[in-house]
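Please examine the following model together with its sequence. The discussion below asks how its descriptive terms are justified.

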Amino acid sequence: MGVDVNRAKVEMLDSGRSPIIEARMTELVAETNKACRLHATTDANAAVLGSDVSFLCVGTPSLPNGKLDLSHVEHVAREVGTALKGKKSHHVVVLRSTVLPGTTESLVIPTLESCSGRRAGVDFTVCYNPEFMREGSAVADFFQPPYTILGAQSSVHLDLLRELYAGLPAQTLETAIPAAEMAKYVSNIFHALKVDFANEIGTLCKRLELDTQVITKVFTSDTKLNISSAYLTPGFAFGGSCLPKDLRSITRRAKELDLNLPLLESILPSNAEHVTRAVDAVLRTNKKKIAMLGLSFKAGTDDLRESPQVQLIKRLLGEGLQVQIWDQDVSLGRLAGSNRLYIEEVIPHIGSLLSTDFDQVVRSAEVVIVGTRSVDGSQISSRLLPGQIVIDLVNLESSRRPRGTISYEGICW
Ligand SMILES: NC(=O)c1ccc[n+]([C@@H]2O[C@H](COP(=O)([O-])OP(=O)(O)OC[C@H]3O[C@@H](n4cnc5c(N)ncnc54)[C@H](O)[C@@H]3O)[C@@H](O)[C@H]2O)c1
């Protein structure tokens, strides 16, 4: 039973005609309507009373100031809630509209509860199930989704949805409701980012008289580092002798060619902002003695050039903090060439800050910054003293994060 406030849509659907242009929709609507498996109405109350589950798929457009317009979601939640007041059997309410994290729990559930006079999770169930179909291939995407994400406050709330989607050839991921709400945004933002990335690269290639097709083919052929989950785990800023330099030279070249590539130009400022986030996290502790574990930009290397860890230390020293550094990969005596020149220029007295004594560096600090994966999470945890603060830049595995009397903060998790 389809419900809409738009009479024209309802009349079309109820007479077996698709109200939208969409591949396979005309046949699907005609077939299912003829088989008496699809009807439509403007009467939400009757639809709720005559069904076991309601999918709420109303629009969530932008307001002129960019804010999400939740008026349709609120209105439909009120209608369903009012209908639930008179319903004897258990009902499942599934929100499918794209909404910001927290909306189901702060708006939809309270509205359903106040209009029905009943309690969510007890008298009726609420789930969030984001929609991943694309217009133009919506039917095909529905039957072959990338995955099905089911959000609920308790996994038992998902029994009916699990059964409903059991026939789809896709993995089902079960999460809390706000995580399911956010998952939809992360996907859409990433798609938008990819489109504009490809377009800016294409624009640059065309201006450089390069074959964009060839370059796209080469780029997308790398499924290890390019089209993969590599570099998609939140952690610390990038650095080293390649990425910053290469971004700088390519955006500089684009400027010389009078090209405006705001996405590519925003990457280095975004990276710098991430270092600032780390500085702010340390300053917020109001502590003076800092242990920095990790100096090179990546574990397993002693390359200090453009290391964000080095930039972080330099800024902490500038704020008057005392910093002691440990990095098993870095020995000043072994540094040579541009690597040595770089560190001597950025932190001239680095020698007096660097120590090979891990225990002493950790124990004498008030704040321990984990800035390298060279150190084992449990190695840090076993050395920490009550009252110490850990700021994690490398995203230690959950099981290796310190607990109890030690305060732990991840830079972006
Ligand atoms: N369009 C897509 O491909 C797509 C894909 C994924 C997610 N989404 C999300 O799904 C939601 C819906 O998108 P859409 O493109 O279908 O929107 P839409 O505006 O085209 O359709 C929403 C429908 O809801 C109806 N409606 C409004 N209030 C109602 C009420 N109280 N009772 C019954 N019907 C009511 C409207 O009349 C309209 O027909 C949005 O949150 C959107 O972000 C859309």
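The questions and answers that follow take up the ligand site, the aromatic pairs, the strands and selected residues.

Q: How should the residue numbers and the values of this model be read?
A: The model is predicted, so local features need pLDDT of at least 70 and side-chain atom pairs count only at pLDDT 80 or more, while totals for chains, interfaces and linings use all residues. Residues are numbered from 1 along each chain as its sequence is written, and side-chain values use heavy atoms, with hydrogens and water left out.

Q: Which residues come nearest to the ligand?
A: There are 19 residues around the ligand, and Asp-4, Lys-9, Thr-60, Thr-98 and Glu-135 come nearest. A residue is near a molecule or strand if one of its heavy atoms lies within 4 Å of it.

Q: What makes the pair formed by Glu-135 and a nitrogen atom of the ligand a polar contact?
A: A polar contact is a pair of N or O atoms within 3.5 Å; within protein, one must be able to donate a hydrogen and the other to accept it, and residues adjacent in sequence count only if both atoms are side-chain atoms. A polar side-chain atom of Glu-135 lies 2.8 Å from a nitrogen atom of the ligand, so the pair falls within the limit. The protein buries 71% of the 830 Å² that the ligand exposes when taken alone. By the distance limit, two further pairs qualify: a polar side-chain atom of Glu-79 is 3.3 Å from a ligand nitrogen atom, and a polar backbone atom of Thr-98 is 2.9 Å from a ligand oxygen atom.

Q: Which helix gives the most to the shell around the ligand?
A: Helix 4 (residues 71-85) does, with four residues. Helices (H or I, at least four residues) and strands (E, at least two) are DSSP runs, numbered from the N terminus.

Q: Why is the pair of Phe-142 and Phe-143 called edge-to-face?
A: Rings of Phe, Tyr and Trp (its six-membered ring) pair if their centres lie within 6.5 Å; planes under 30 degrees apart count as stacked, over 60 as edge-to-face and the rest as tilted. The structure holds four aromatic pairs. In one of them, Phe-142 and Phe-143 are 5.3 Å apart centre to centre with 90° between the planes, so the pair is edge-to-face.

Q: Why is the pair of Phe-197 and Phe-219 called tilted?
A: The ring centres of Phe-197 and Phe-219 are 6.0 Å apart and the planes stand at 45°, so the pair is tilted. Because Phe-197 lies in helix 8 (residues 177-207) and Phe-219 in helix 9 (residues 212-221), the pair ties together parts that are 22 residues apart in sequence.

Q: Why does Phe-197 count as partly exposed?
A: Buried means under 20% relative accessible area, exposed over 50%, and partly exposed in between (1.4 Å probe, protein chains only). Phe-197 has 31% relative accessibility and therefore counts as partly exposed. Phe-219, at 33%, likewise counts as partly exposed.

Q: What makes strand 4 and strand 5 a pair?
A: Two strands pair if DSSP finds at least two bridges between them. Strand 4 (residues 92-95) and strand 5 have four bridges in the parallel sense, so the requirement is met. Val-93 stands opposite Val-126 in strand 5.

Q: How do strand 5 and strand 6 run relative to each other, parallel or antiparallel?
A: Strand 5 and strand 6 run antiparallel and are joined by two bridges. Tyr-128 stands opposite Gly-151 in strand 6. Strand 6 also runs parallel to strand 7 (residues 172-175), with four bridges.

Q: Why does Gly-151 count as buried?
A: Gly-151 lies in strand 6 (residues 148-152) and has 0% relative accessibility, so Gly-151 counts as buried. Both faces of strand 6 are covered: Thr-148, Leu-150 and Ala-152 on one side and Ile-149 and Gly-151 on the other are all buried.

Q: What is notable about the phi of Glu-209 and of Asn-395?
A: Most residues other than glycine have a negative phi. Glu-209 has a positive phi of about 60° although not a glycine, and Asn-395 has a positive phi of about 65°.

Q: Which of the two, Glu-209 or Asn-395, is buried and which is exposed?
A: Glu-209, in the loop between helix 8 and helix 9, counts as exposed because its relative accessibility is 73%. Asn-395, in the loop between strand 11 (389-392) and strand 12 (407-410), is buried because its relative accessible area is 17%.

Technical notes. Areas by Shrake-Rupley, 256 points an atom, 1.4 Å probe, with all protein chains shown as cover.
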